[in-house]
Amino acid sequence: MVFGNIRDLKDYGYLEAEVLKCFEYGKNHDLLSYEKGSHEIDGDNLFVNIVEYETTAPENRFWESHRKYLDLHLMLKGPEQIDVNFIDNMEQKEFVDEDDFLPLEGEPNSHVVLTEGDFLLCYPKDAHRTAVQVNTPAAIKKAIFKIKIK
């Protein structure tokens with residue numbers, strides 16, 4: 001997991017080239033104006049999902065991880081808490097290959113709060129539970145870059 005803000009990107013030069021490509025894409029495109037849905041950048045190797053939703057209580061949400069893609073959550077508008085843990089600390093359910101979805105059960109060992117410009121990079125061992133309200137439910141808009149693991 002890597003948590004940061006785009007204003008400090010110079011400190012993250014060690015990240016994978018494909019991850020840095022996402023930040024460059026975000027810098028050169030007005031993601032806030034993008035419609036909800038999936039937008040191709042480099043075929044199935046790299047694309048961005050634009051999501052808009054209302055955050056909610058943690059018990060209304062689910063845990064997940066992915067094996068084929070890294071997730072780069074980039075907050076465009078609103079506050080969102082993302083609960084985190086490592087998959088080895090959680091009960092792993094059956095992997096859904098066609099959706100690259102590993103459902104998990106367990107409790108958070110920490111969380112991050114994303115506000116505009118913040119990002120969270122999740123690797124395959126990083127469990128995350130998104131859309132958790134910070135204090136009260138809030139409308140958010142976020143870009144989730146999907147980076148294929150090679």
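User: Is Cys22 buried or exposed, and at what relative accessibility?

Analyst: In this predicted model, Cys22 counts as buried because its relative accessibility is 1%, below the 20% limit.

User: How many disulfides does the structure hold?

Analyst: A disulfide is a covalent bond between the sulfur atoms of two cysteines. The structure holds 0 disulfides. The cysteine sulfur closest to that of Cys22 belongs to Cys122 and is 13 Å away, too far for a bond; the cut-off is 2.5 Å. Cys122 is likewise in no disulfide. Cys122 is buried, with a relative accessible area of 2%.

User: How should a pair of aromatic rings be read, and what describes it?

Analyst: Such a pair is described by the distance of the centres and the angle of the planes. The structure holds 6 aromatic pairs. In the pair of Tyr25 and Phe145, the ring centres are 6.2 Å apart and the planes lie at 80°, so the arrangement is edge-to-face.

User: Which parts of the chain does the pair of Tyr25 and Phe145 link?

Analyst: Tyr25 belongs to helix 1 (residues 17-28) and Phe145 to strand 12 (residues 139-148), so the pair links distant parts of the chain, 120 residues apart. Tyr25 is buried at a relative accessible area of 15%, and Phe145 is buried at 0% relative accessibility.

User: Which residues form one aromatic cluster?

Analyst: One aromatic cluster is formed by Tyr12, Tyr14, Phe23 and Phe119.

User: Where does Arg67 lie with respect to Phe95?

Analyst: Arg67 lies over the face of Phe95, 4.3 Å from the ring centre.

Technical notes
Residues numbered from 1 in each chain as written. Predicted model: local features only at pLDDT ≥ 70, side-chain atom pairs only at ≥ 80, totals over all residues. Heavy atoms only, no water. Phe/Tyr/Trp six-rings, centres within 6.5 Å; stacked < 30°, edge-to-face > 60°. Helix = DSSP H or I, 4+ residues; strand = E, 2+ residues; numbered from the N terminus. Buried < 20%, exposed > 50% of the residue type's maximum accessible area, 1.4 Å probe, protein only. Lys NZ or Arg CZ within 6 Å of the ring centre and 35° of its normal.
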